[in-house]
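Reader: Hi! Could you walk me through this structure in plain words?

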Amino acid sequence: MSELAYFSLLITGYFVAVNTVYLGQMLVAWRAVRRRLRQIALEDFRDIRESGLAPPISIIVPAYNEGKNIIESVRSLLALRYPRLEVVVVNDGSRDDTLERLVAEFGLRRTPRVYWERIRSRPVRGIYWSPAWPGLWVLDKVNGRKADAVNAGINLASAPYVCVVDGDSVLEPDAMSAIMNAVLPRSGRTVAAGGTVRIANGCAVSRAGVTRVGAPSGFLAASQVLEYLRSFLFGRMAWSELESLMIVSGAFGVFRKDVVVEVGGFRHDTVGEDMDLVVRMHRHLRAAGRPYRVAFVPDPVCWTECPETLTGLRNQRERWQRGLGETLDHNREMLASPRFGRIGLFAMPYLMGFEYLAPLLEVAGYAILPAGWALGLLEHGLFLMFVGAALLYGLCLSLATLLLEELSFRRYREPRDLLRLTLGAVLENFGLRQLHSWWRLVALLTWRGRPQTWASAGRRGFAG
Amino acid sequence: MSPGEATILVGLGGIAVALFLALMLFNRHHRLRDARAEGLRRELAPLLARWAERGATAEELEWPARLADGDARTVLLLAVAALSDLPVEAAARVRHALHRAGLVRREVSRLGARAALARAEACRIVGRIGDRSLTPLLLARLRDPDAAVRREAIRALGDLGAVEALPEMVAAIARLGEWDNLILLMALVRTGPEAAAGIAALIRTASSPAMTKALLQVTGRLGVAADPGLVRELARHPDTEVRVEAVRVLGTIAPDPDAAAVCLAAMDDPEWPVRALAAWSLGRVGDDRAIARLARAMGDPAYWVRHHVAEALAALGERGEATLRRGLQDDNPFVRDMAAQTLFMRALAEGEAA
């Protein structure tokens with residue numbers, strides 16, 4: 001058998017394995033989403049709002065040069081329908097007018113509030129508050145990147161639960177009640193819970209939040225809508241169901257503060273601090289033999305903007321790949337270790353094989369198989385079948401995701417939105433997926449030698 | 001391309017087309033369903049207004065009685081959602097109309113449905129109807145073989161404010177072994193302050209620290225303890241979490257002249273959460289004999305104890321504030337910082353800051 005034939009076999013085997021995993025995820029997620037839907041069908045969160053037993057939550061908003069969005073974002077957080085909320089905005093040494101806008105909008109005053117540094121962070125320059133907005137705190141500090149900003153916010157937070165929300169995101173009014181509604185039935189065990197992050201491009205956003213949901217007209221944004229749906233509705237739902245969820249999105253996640261402090265907070269030396277934190281929580285709690293749960297809750301939604309330029313998208317994907325690499329590197333002793341149960345034996349190998357190393361095989365496949373076919377080394381029919389099956393299988397998964405969305409949360413109600421997203425599902429196979437693989441491969445090969453930054457994803461802002 | 005390869009491609013293509021068609025058909029079905037619900041809502045709105053004002057006439061009840069099961073449930077849900085905004089008497093008239101139209105009977109019949117999910121949903125809706133005469137039906141569901149149905153029955157009894165069902169609700173939570181399920185504890189709170197005596201009796205017979213803690217949490221939220229002596233006793237319980245909750249309750253229940261002494265003793269507890277809550281409660285109890293002990297605790301090694309001690313001193317009037325001002329000159333920087341924070345925040349809140 002020639003080298004090319006071996007390689008074809010390897011690629012085919014990988015293709016079959018990864019798609020079998022996706023199919024399995026889809027089936028598990030389908031069942032879990034339907035069950036959750038029945039649970040929430042009649043929910044009005046009256047108990048949470050009226051009983052007085054809902055635990056307080058501190059929302060941490062790390063903000064770096066978020067002047068465009070920060071006021072809308074904070075106002076939407078202050079308008080959340082949850083009885084006991086504290087909002088802690090951390091201005092991470094922004095070079096724009098983020099702090100000035102906050103001070104002016106909410107009439108904030110600098111206070112001598114004690115800062116208890118339970119988790120190390122860069123120096124704090126000031127803590128601001130106003131009696132007119134007693135639930136809002138603004139912490140101004142020296143720049144130290146997102147993880148450092150969140151840690152500083154956790155140090156200031158007074159509630160037993162902290163919720164991390166990106167400064168450029170908008171939560172739905174019931175999002176906090178909905179996520180806590182899933183946490184509270186097992187309040188003693190749930191240490192982290194994440195909600196769904198959806199793309200706001202194409203939607204109408206006002207101070208009240210997202211007022212009209214629509215699919216973006218641009219192809220780049222439409223393909224990301226699908227990607228987020230696949231990732232959250234299928235991927236995270238399935239991993240949560242299998243009690244092996246390894247990531248709670250940094251854009252919207254609730255954590256038990258005592259456990260976050262125990263594991264030392266968010267790491268400074270990674271750009272994938274959200275995944276890293278959850279993996280360390282798993283490691284810490286499993287090593288201690290403590291029962292715990294990390295959950296994904298599909299109904300609470302956080303809307304965020306996605307990049308609409310190739311440069312912005314590339315920056316984001318390279319950062320994600322780098323974050324994944326750093327997390328796997330920092331926690332490598334968990335990989336394939338029976339000491340960490342299903343996390344070590346199942347979730348970590350999946351992340352390594354099907355996420356981190358995937359671009360190697362994908363890019364090699366994209367390059368070598370067409371070359372082999374062009375040189376006549378690969379049979380014409382086999383090549384066409386492989387390419388066609390890859391495209392059609394991907395399309396089926398995207399359509400199944402849209403169908404699940406239609407049968408569950410139905411945010412995109414207009415047929416034209418569904419048609420746009422379906423078109424995106426078809427077109428993403430011709431160039432965009434290949435670009436994603438290429439960017440991730442470049443990041444995989446080069447991240448160790450490159451500095452970390454709060455790289456801009458080139459968003460436009462809700463306010464404009 | 002071999003026939004096998006072509007079959008794979010045609011098969012996948014067929015699945016993609018089928019998924020797309022299903023997507024569009026479901027979308028159409030859901031849009032029609034939404035339009036139908038909107039039509040029902042429009043038809044119900046004037047009826048509800050009339051029922052709330054003067055009750056339903058036999059003629060008006062013909063329309064909901066004729067509806068198919070799905071539409072009847074939609075109408076019931078819409079009506080039930082409107083109940084919470086109505087004055088008590090108007091709500092009672094609407095409830096009566098829903099009974100007479102047979103809508104409640106139809107939902108009640110689902111309490112015995114084969115599917116557990118249907119029974120759970122029916123429990124939830126029956127609870128929302130808010131008719132206490134339905135309590136026995138929900139009590140029966142506390143022994144349902146399905147745990148989800150039992151949970152929904154507990155919540156529904158809470159919605160009804162069925163204080164008479166308290167022992168059964170607590171027994172059902174005990175059988176579920178879910179003392180950390182705050183949603184279920186919220187149902188106990190929602191039975192209202194009349195539940196205080198029942199909760200106190202249940203605390204006396206609690207079979208575990210987790211149960212005692214949970215029932216203390218409920219007592220704290222009710223703001224009424226039928227037996228303050230029992231709460232004071234539990235402030236010395238060997239379990240830390242029970243002590244924390246008991247001390248917290250002492251600060252939330254109606255003034256108890258003996259609470260201050262117990263909280264002062266708890267200020268010497270080896271566990272900082274107990275000391276922190278004791279300080280918090282001393283601030284709320286409002287006994288200024290606590291000032292000397294609180295002043296000593298301003299240098300407590302635990303941040304949250306210092307925080308609550310300073311807040312308590314600020315709440316204890318001029319003598320407490322004077323103690324805080326003296327704290328500004330203390331040798332201990334932790335005492336100085338916390339005193340400065342508390343005094344500043346107080347002044348800012350009162351609009352007196354410079």
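Author: Happy to! Let's begin with helix α6 of chain B: among its buried residues are B:Ala118, B:Arg119, B:Cys123, B:Ile125 and B:Ile129. Buried means under 20% relative accessible area, exposed means over 50%, and partly exposed is in between, using a 1.4 Å probe and protein chains only. Helices (H or I, at least four residues) and strands (E, at least two) are DSSP runs, numbered from the N terminus. This is a predicted model, where local features need pLDDT of at least 70, side-chain atom pairs count only at pLDDT 80 or more, and totals for chains, interfaces and linings use all residues. Residues are numbered from 1 along each chain as its sequence is written, chains are lettered from A and ligands numbered from 1 in the order in which they are written, and side-chain values use heavy atoms, with hydrogens and water left out.

Reader: Thanks! How many residues of α6(B) are buried?

Author: 12 of its 14 residues are buried, so α6(B) is largely enclosed by the rest of the structure. The helix covers residues 116-129 and reaches 20 Å from its first C-alpha to its last, close to the 20 Å expected. That expected span is 1.5 Å times one less than the number of residues. Just after the helix, B:Gly130 takes a positive phi of about 75°.

Reader: What about where the two chains meet, how many residues does each give?

Author: Chain B gives 48 residues to the contact and chain A gives 58. Contact here means heavy atoms within 4.5 Å. Between them the chains bury about 4900 Å², with 67% of that on carbon and sulfur atoms. Buried area is the accessible area (1.4 Å probe) that two parts lose on being put together, summed over both.

Reader: Which residues of chain B lose the most area to chain A?

Author: Those are B:Leu23, B:Met186 and B:Arg190, which together make up 12% of what that side buries.

Reader: And how many salt bridges cross that interface?

Author: The rule finds 9 salt bridges between chain B and chain A. A salt bridge is a side-chain nitrogen of Lys or Arg within 4 Å of a carboxyl oxygen of Asp or Glu. A:Arg410 and B:Asp34 meet in a salt bridge through their side chains, at 3.1 Å from N to O. There are also 16 residue pairs in polar contact between the two chains, both residues being at pLDDT 80 or more. A polar contact is a pair of N or O atoms within 3.5 Å; within protein, one must be able to donate a hydrogen and the other to accept it, and residues adjacent in sequence count only if both atoms are side-chain atoms.

Reader: Which element gives the most to chain B's side?

Author: That is α1(B), with 18 residues on the side of chain B that touches chain A.

Reader: Switching topic: how many salt bridges are there over all chains?

Author: The structure holds 66. In one of them, the side chains of A:Glu262 and A:Arg290 meet at 2.8 Å, N to O. A:Glu262 lies in helix α8 of chain A and A:Arg290 in the loop between α9 and β12, so the pair ties together parts that are 28 residues apart in sequence.

Reader: What about B:Arg275, which residue does it pair with?

Author: B:Arg275 forms a salt bridge with B:Asp300, with the closest N and O atoms 2.8 Å apart. B:Arg275 is in helix α16 of chain B and B:Asp300 is in the loop between α17 and α18, so this pair ties together parts 25 residues apart in sequence. Both B:Arg275 and B:Asp300 are buried.

Reader: What do the buried residues of α16(B) pack against?

Author: They pack against α14, α15, α17 and α18 of chain B. Among those buried residues are B:Val274, B:Leu277 and B:Leu282. Just after α16(B), B:Gly286 takes a positive phi of about 80°.

Reader: Last one: which residues touch the most others in the largest nonpolar core?

Author: A:Val89, A:Met176, A:Met180, B:Trp51 and B:Leu294 do, in a core of 153 residues. A nonpolar core is a set of buried Ala, Val, Leu, Ile, Met, Phe, Trp, Tyr and Cys residues joined through side-chain atoms within 4.5 Å. Not counting residues up to four places away in sequence, B:Leu294 touches residues including B:Met267, B:Ala279 and B:Leu282. A second, separate core has 110 residues, including A:Ile119 and A:Leu229.
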